Amino acid sequence: MRQKLSKPARDDGAMVWSRRSIAALLASFPWFVKSAMSDAFLAPQTPVAFDIARRNNAATIDVKIPKARSYVIQLRFSYKGSEERRRMDQLVGRPGSTTVPGVPVGIALKLFRLVGNARPPQLLLDKQMMTQARYVTAVDFDGREIVTVNLDPGIYRVEARTTDDNPAFVGQQVSLVVEY
């Protein structure tokens, strides 16, 4: 006589992996990696060195915008180590701080859409502004927004020029960046 075996008791807190669930996970993995990585390559984060210590110094970036969205044109202040970070805090400033407002930097900015060889570039923005406090902090840099713009896919040129002397920034590593 054949004896019927009962199923072993299952611990509800333990995760049980069957062949089917592992196959489903592996099948979705390429899609997950592709969707997770796709936005990482949308930001045109190619920093261009920008000496903001002297009046009329300029930087230009040609950037390909792959997706319609808001992009931030910013000054990026790089530093190495906590000592340099503390010194940069005084220069770059803290958002909304009256005790550490940062050193103001005047920027004249032009934004062009490059439409092809036959036509001249289309001027989208021609503006002078004063930047002061940082708006983003990372491990090795602070960012100071110049302007946020909504852009459609295409190729753009950003031209930035300092409007004043800023001797506090002599020798500082500063870049012009476009990112979202």
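Colleague: How many bridges join β6 to strand β7?
Modeller: In this predicted model, β7 covers residues 141–151. β6 and β7 run antiparallel. The number of bridges joining them is 2.

Colleague: Which residue is the bridge partner of T137 in β7?
Modeller: T137 belongs to β6, which spans 136–137. Its partner is found in strand β7. That bridge partner is D142.

Colleague: Is D142 buried or exposed, and what is its relative accessible area?
Modeller: Leaving aside neighbours within four places in sequence, D142 is in contact with a list of residues that includes L75, R76, F77 and Y79. R85, D89 and V92 are also among its contacts, as are R134, V136 and T137. Buried means under 20% relative accessible area. D142 is buried, at 0%.

Colleague: In what order do the 5 strands of the open sheet stand?
Modeller: The pairing in this sheet is antiparallel. β1 (48–49) and β6 are the edge strands, each pairing on one side only. The order is β1-β9-β3-β7-β6.

Colleague: Which helix lies across β3, β6 and β7, and at about what angle to β7 does it run?
Modeller: The helix covers residues 81–92. β3, one of the strands it lies across, covers 69–78. The helix is α2, and its angle to β7 is about 45°.

Colleague: Which residues is S78 in contact with, leaving aside its neighbours within four places in sequence?
Modeller: S78 is found in strand β3. It counts as buried because its relative accessible area is 17%, and the cut-off is under 20%. Its contacts are E84, M88, D140, F141 and Q173.

Colleague: How many aromatic pairs does a search of the whole structure find, and which residues form a pair?
Modeller: The search finds 1 aromatic pair. The centres lie 5.6 Å apart and the planes meet at 35°. This makes the pair tilted. The residues are F77 and F169.

Colleague: How far apart in sequence are the parts that F77 and F169 tie together?
Modeller: F77 is buried, and F169 is buried too. F77 lies in strand β3, while F169 lies in the loop between β8 (154–162) and β9 (174–179). The pair therefore ties together parts whose separation in sequence is 92 residues.

Colleague: Which residue lies over the face of F141, and at what distance from the ring centre?
Modeller: F141 is one of the residues in contact with S78. The residue over its face counts as buried, at 10% relative accessibility. The residue is R76, and the distance is 4.0 Å.

Colleague: Which residue forms a salt bridge with R76?
Modeller: The closest N and O atoms are 2.9 Å apart. The pair links distant parts of the chain, with R76 in strand β3 and its partner in strand β9, 103 residues apart. The partner counts as buried, at 9% relative accessibility. That partner is E179.

Colleague: How many salt bridges does the structure hold, and which residue pairs with D62?
Modeller: The structure holds 2 salt bridges. In the one formed by D62, the closest N and O atoms are 2.7 Å apart. D62 lies in strand β2 (residues 58–65) and its partner in strand β8, so the pair ties together parts 95 residues apart in sequence. The partner is R157.

Colleague: What are the relative accessible areas of D62 and R157?
Modeller: D62 stands opposite R157 in β8. β2 and β8 pair in the antiparallel sense over 8 bridges. Both residues count as partly exposed. The value is 45% for D62 and 25% for R157.

Colleague: Which side chains along β2 point to one face and are buried?
Modeller: The side chains of β2 alternate. A58, T60, D62 and K64 point to the other face and are not buried. The buried ones are A59, I61, V63 and I65.

Colleague: How many helices and strands does the protein chain have?
Modeller: From the N terminus on, the elements run α-β-β-β-α-β-β-β-β-β-β. Of the 180 residues, 34% count as buried. Among contacts between residues at least 6 apart in sequence, 76% join residues at least 24 apart. The secondary structure comes to 2 helices and 9 strands.

Key:
Residues are numbered from 1 along each chain as its sequence is written. This is a predicted model: local features need pLDDT of at least 70, side-chain atom pairs count only at pLDDT 80 or more; totals for chains, interfaces and linings use all residues. Side-chain values use heavy atoms; hydrogens and water are left out. Two strands pair if DSSP finds at least two bridges between them. Helices (H or I, at least four residues) and strands (E, at least two) are DSSP runs, numbered from the N terminus. Contact means heavy atoms within 4.5 Å. Axes are lines fitted to C-alpha atoms, for helices over the stretch in contact, and angles run from 0 to 180 degrees between N-to-C directions. Rings of Phe, Tyr and Trp (its six-membered ring) pair if their centres lie within 6.5 Å; planes under 30 degrees apart count as stacked, over 60 as edge-to-face and the rest as tilted. Buried means under 20% relative accessible area, exposed over 50%, partly exposed in between (1.4 Å probe, protein chains only). A charge sits over a ring if NZ of Lys or CZ of Arg is within 6 Å of the ring centre and within 35 degrees of the ring normal. A salt bridge is a side-chain nitrogen of Lys or Arg within 4 Å of a carboxyl oxygen of Asp or Glu.
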